[in-house]
Amino acid sequence: MLLRCAPRRLHLRPLSAAALASAAPAPPEAPTEWAEAPLASVRPATADASLYHVSLDLSAHGDLLASHAAAGQFLPFRLPAAPYPIFLAIASPPPSPSSSAAAAFDFLVKRLPGTPSARLCDLRPGDLVHVGASVVGRGFEVSRIAEARDVLVFATGSGISPIRSLIESDFVESHKTGVSLFYGVRNLQRMAYQVGYISLSLHFVLLYSIYNSW
Ligand SMILES: Cc1cc2nc3c(=O)[nH]c(=O)nc-3n(C[C@H](O)[C@H](O)[C@H](O)COP(=O)(O)OP(=O)(O)OC[C@H]3O[C@@H](n4cnc5c(N)ncnc54)[C@H](O)[C@@H]3O)c2cc1C
């Protein structure tokens, strides 16, 4: 089902630079141990190439693969000639007893020109990148909603990435009747995973604005 939403007028007071600086969350700490791995694939994920699918070949890094225990975890990347690392949510599901483990991590990367994310999107399969030697964060603590009957999941833009990991994990399978995904995108040119999600066996609501066509 497609739901078209007219934008609502919000009256927000602009924050001062100092308030913005103190409100911005601190980035996670960079790891002390790094691993080197080749990119398996790099390709646009959306019609306007604002998002990229990036897949990292971890066939030589069993420990790193095994450290992915929960959807919502992420990995630090140190890109060639980039002055600081970036962190990317893992878009592929954690290994589970019911699925054969893939030897790669998938990512959905928002290509921001002039930043390390753009350097990553401009690399080619086979290029080597430095990534943290183990995944970071606890991920979504789904055990806390193990008994929930109706689960509403919200994501916008590149934020769909860790949600894809969740949806493709055992979580949806075990909540087959009660998971609804609300996915907000600026327009359909900027929507990743279009083909996959339309065939999913969960309630799926796509929210986008017909007024935001840039
Ligand atoms: C947990 C987490 C998960 C994320 N997952 C994704 C994802 O799945 N996909 C995605 O596209 N993005 C993701 N991001 C965002 C991504 O890590 C970058 O923040 C984003 O690409 C913007 O990068 P940026 O270069 O503007 O720098 P930011 O990290 O947003 O930092 C803002 C500015 O601060 C300065 N700066 C930051 N760190 C340093 C440093 N160490 N040294 C010097 N200057 C610095 C730079 O001038 C930079 O432009 C995630 C971020 C986090 C924290």
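The following dialogue explains how terms are applied to this structure.

Colleague: What should a reader know about the model and its numbering?

Modeller: This is a predicted model, in which local features need pLDDT of at least 70, side-chain atom pairs count only at pLDDT 80 or more, and totals for chains, interfaces and linings use all residues. Residues are numbered from 1 along each chain as its sequence is written.

Colleague: How many helices and strands are there in the chain, and what makes a run count as one?

Modeller: The chain holds six helices and 10 strands. Helices are DSSP runs of H or I with at least four residues, strands are DSSP runs of E with at least two, and both are numbered from the N terminus.

Colleague: Why is Ala81 called exposed?

Modeller: A residue is exposed if 12 or fewer other C-beta atoms lie within 10 Å of its own, buried if 20 or more do, and partly exposed in between, with C-beta atoms placed from the backbone. Ala81 has 6 other C-beta atoms within 10 Å, and therefore it is exposed. Ala81 belongs to the loop between strand 4 and strand 5, and its phi is positive, near 65 degrees, in a residue other than glycine.

Colleague: Why does Ala49 count as partly exposed?

Modeller: Ala49 has 13 C-beta neighbours inside 10 Å, so it counts as partly exposed. Ala49 lies in the loop between strand 2 and strand 3. Its phi is positive too, at about 55 degrees, although Ala49 is not a glycine.

Colleague: Why is Gly126 called exposed, and with which residues is it in contact?

Modeller: With 11 other C-beta atoms within 10 Å, Gly126 is exposed. Gly126 is in the loop between helix 3 and strand 7. Two residues are in contact if their C-beta atoms, placed from the backbone, lie within 7 Å. Leaving aside neighbours within four places in sequence, Gly126 is in contact with Pro38 and Leu39. The C-alpha atoms of Gly126 and Ala40 are separated by 6.3 Å, while the two residues are 86 apart along the chain.

Colleague: How do you know that strand 2 and strand 7 pair?

Modeller: Two strands pair if DSSP finds at least two bridges between them. Strand 2 (residues 34-44) and strand 7 are joined by five bridges and run antiparallel. Within this region, Pro38 stands opposite Leu128 in strand 7. Strand 4 is also joined to strand 7, by two bridges and in antiparallel fashion, and Arg78 stands opposite His130 in strand 7.

Colleague: Why is strand 6 described as largely enclosed, and which strand is joined to it?

Modeller: Six of the seven residues of strand 6 are buried, so strand 6 is largely enclosed by the rest of the structure. Strand 3 is joined to strand 6 by seven bridges, and the two run antiparallel. The bridge partner of Tyr52 in strand 6 is Val109.

Colleague: Why is helix 4 described as largely enclosed?

Modeller: Eight of the eight residues of helix 4 are buried, so helix 4 is largely enclosed by the rest of the structure. The buried residues include Ile160, Arg164 and Ile167. They pack against strand 5, strand 6, strand 8 (151-156), helix 5 (170-174) and strand 9. Across the chain of 214 residues, 29% count as buried.

Colleague: What makes a nonpolar core, and where does the largest one lie?

Modeller: A nonpolar core is a set of buried Ala, Val, Leu, Ile, Met, Phe, Trp, Tyr and Cys residues joined through C-beta atoms within 7 Å. The largest has 39 residues, and Phe77, Leu88 and Phe107 are among those with the most contacts inside it. Domain 1 (34-132) and domain 2 (140-208), whose bounds come from an automatic or database domain assignment, both give residues to this core, so it lies between them. Phe77 touches, among others beyond four places in sequence, Pro85, Leu120 and Val131.

Colleague: How many residues surround the ligand, and what makes a residue near it?

Modeller: A residue is near a molecule if its C-beta atom, placed from the backbone, lies within 6 Å of it. The ligand is surrounded by 19 residues, the closest being Tyr84, Ile86, Ala89, Lys110 and Thr115. Strand 5, strand 6 and helix 3 each supply at least two residues of this shell.
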